[in-house]
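Here is a protein to look over with the sequence and the 3D view side by side. Let's start with a pair of helices and work outwards from there.

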Amino acid sequence: MAAWLASCRRFRFGAHTVTWYSYLRPAASFLSTTAHSRSLHSFCRASQVICLSKMAKAVSTCCIPSRQMHVSAAPLHATYKSKEGFSNDALQLIHTDLQSLCEDIKNDLVCINPGLRDITHYYFDGKGKAFRPTLVLLMARSCNATCGNSREVTMAQRTIARIAEMIHTASLIHDDIIDQADTRRGKLAASRIWGERKAILAGDFILSTASVALARLGNEHVISMVAQVVEDLVRGEFMQLGSKENENERFAHYLLKTFKKTASLMAHSCKAVAVLGNASVAVQETAYLFGKNVGMAFQLIDDLLDFTACTSQIGKPTAADLRLGLATCPVLFACEKYPELHSMIMRRFGHAGDVERAWTCVFESDGVQQTHALAERYCKEAVKTAQRLHDSPEREALIRLTDVLLTRKK
Ligand code: FPP
Ligand code: MG
């Protein structure tokens with residue numbers, strides 16, 4: 001227990017006080033970011049070199065090209081010159097688009113049945129993180145600026161932001177049924193209020209509404225990309241139901257599952273707004289890679305928060321993944337030091353005491369720190385990719401988004 005607490009303290013030293021609210025709030029300044037970057041970098045200095053051995057091979061297949069992962073002591077965005085006030089302007093513009101997002105989605109969800117209306121509107125209360133729409137709207141403006149067009153987000157690009165949020169929300173409603181979750185975003189899960197059957201249908205209705213909006217865009221390329229996202233979501237969720245027997249395949253399986261479950265939506269939505277902005281193929285690819293790397297990092301931090309955050313912060317119980325039998329990144333890293341975890345993974349932490357033992361192993365190893373370092377690597381890749389876009393307030397805001405992601409608490 002003492003070791004566990006020490007681990008928590010050690011990790012928290014390197015973390016986390018930027019909130020989503022402060023990010024979106026126009027008055028939020030770069031000062032807070034700088035402070036967080038500093039503490040984050042202190043954390044990085046404390047763990048300079050991270051050996052991944054077997055895992056590195058799997059990681060390299062997902063864009064991170066090294067067997068030994070060096071966590072740089074240099075600032076995350078050493079090449080990025082911050083201009084005070086610059087980004088805040090961009091965020092204010094996004095803020096305006098975001099403000100109407102939930103209302104626009106609720107207007108899309110035209111339900112004759114009031115019962116269905118209540119469930120489908122439940123999560124569009126403006127209290128979610130809106131990470132996907134934020135990413136998509138900033139990417140749309142960045143691509144527009146890169147192409148020399150007006151930066152203003154077009155109607156079609158705004159539709160993609162709404163579609164991304166709708167698909168995400170539909171998948172969460174279904175996910176909470178699969179995971180038997182009681183809460184989501186600090187309130188009762190829809191399935192706990194209205195029952196599973198109605199919640200499934202509400203998820204389906206949101207998804208079908210998103211499909212109608214997508215079809216109306218009339219862009220075959222974009223339609224096929226977003227259809228791919230839905231397939232990926234289902235495949236990713238299905239992959240999560242199984243574990244690889246072969247230990248060497250487990251990390252690659254985890255990363256592929258993470259791409260499908262989380263990164264695919266961000267990657268394809270970013271690419272879709274580039275396509276709709278008539279961006280070149282190179283810019284479309286840049287948008288895709290940025291979304292993909294950010295998506296991978298986002299899920300890694302999500303998996304880490306399941307160990308480090310408290311229930312009141314993330315609005316759902318912690319250690320939920322272990323209890324569901326899931327071996328996420330912190331556990332996979334912990335296997336290096338505690339090979340006993342392999343048999344626990346195979347029985348999906350099903351024996352009495354497995355969850356507690358696995359939890360201890362994670363904190364007595366560097367599982368949490370290595371997961372954070374891996375998320376940082378993905379963010380660095382994302383930042384490198386973003387440098388290919390023209391310098392603009394929106395590009396800075398995208399880069400800033402990676403910091404917010406790495407320091408988020410929920
Ligand atoms: C949350 O994961 C779940 C997802 C990101 C995707 C879920 C996908 C499906 C249920 C497939 C069906 C898809 C559609 C479009 C209806 P998590 O359980 O790791 O995160 P959590 O802790 O927030 O629940
Ligand atoms: Mg879940």
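## Two helices that cross

Helix α6, residues 101–108, packs against α9 at an angle of about 75°, and their axes are 10 Å apart. Keep in mind that this is a predicted model. Why those two numbers? Two packed helices are described by the angle between their axes and the distance between the axes. An angle from 65 to 115 degrees counts as roughly perpendicular, so α6 and α9 are roughly perpendicular to each other.

Which residues do the touching? On the α6 side you'll find L101, D104, I105 and D108, and they meet A161, R162, E165 and M166 in α9. Sorted by class, this contact has four nonpolar residues, four charged ones and no polar ones. Have a look at the numbering within each helix, too: an α-helix has 3.6 residues a turn, so residues three or four places apart point the same way.

## Around the ligand

Now find ligand 1. It has 17 residues around it, and the closest are S171, H174, D175, L233 and E237. The elements that give two or more residues to this shell are α9 (155–178), α11 (196–217), α12 (220–240) and α13 (247–276).

Which helix gives the largest share of the shell? That's α9, with seven residues. As for the chemistry, the shell around ligand 1 divides into eight nonpolar, four polar and five charged residues.

## A closer look at α11

Helix α11 is a nice one for a quick length check. At 1.5 Å a residue, its 22 residues should span 32 Å, and the end C-alpha atoms are 32 Å apart, which agrees. Right after α11 comes G218, with a positive phi near 70°.

Several residues of α11 are tucked away from the surroundings by the burial count: A199, A202, G203, F205, I206, T209, A210 and L214 are its buried residues. What do they pack against? Their partners are α6, α7 (114–121), α9, α10 (190–194) and α12.

## Two loop residues with positive phi

Next, visit R185, in the loop between β3 (183–184) and β4 (187–188). Its phi is near 50°, a positive value in a residue other than glycine. Is R185 buried or partly exposed? It has 17 C-beta neighbours inside 10 Å, so R185 counts as partly exposed.

F349 also has a phi near 50°, again positive in a residue other than glycine. You'll find F349 in the loop between α18 (341–346) and α19 (354–364). Here the neighbour count is 24 C-beta atoms inside 10 Å. A residue is buried if that count is 20 or more, so F349 counts as buried.

## Back to α9, and the whole protein

One more stop on α9: I178 sits in this helix. With 12 other C-beta atoms within 10 Å, I178 is exposed. Try finding L324 as well, because the pair shows how a chain folds back: I178 and L324 are 146 residues apart in sequence, yet 9.8 Å apart in space, C-alpha to C-alpha.

Zooming out, the protein has 21 helices and four strands. Of its 410 residues, 50% are buried. What about contacts across the sequence? Among those between residues at least 6 apart in sequence, 77% join residues at least 24 apart.

Note on methods: Residues are numbered from 1 along each chain as its sequence is written. Chains are lettered from A and ligands numbered from 1 in the order in which they are written. This is a predicted model: local features need pLDDT of at least 70, side-chain atom pairs count only at pLDDT 80 or more; totals for chains, interfaces and linings use all residues. A residue is near a molecule or strand if its C-beta atom, placed from the backbone, lies within 6 Å of it. Ala, Val, Leu, Ile, Met, Phe, Trp, Tyr, Cys and Pro count as nonpolar, Asp, Glu, Lys and Arg as charged, and the others, Gly among them, as polar. Axes are lines fitted to C-alpha atoms, for helices over the stretch in contact, and angles run from 0 to 180 degrees between N-to-C directions. Angles under 35 degrees count as roughly parallel, over 145 as roughly antiparallel, 65 to 115 as roughly perpendicular and the rest as oblique. Two residues are in contact if their C-beta atoms, placed from the backbone, lie within 7 Å. The expected span of a helix is 1.5 Å times one less than its number of residues.
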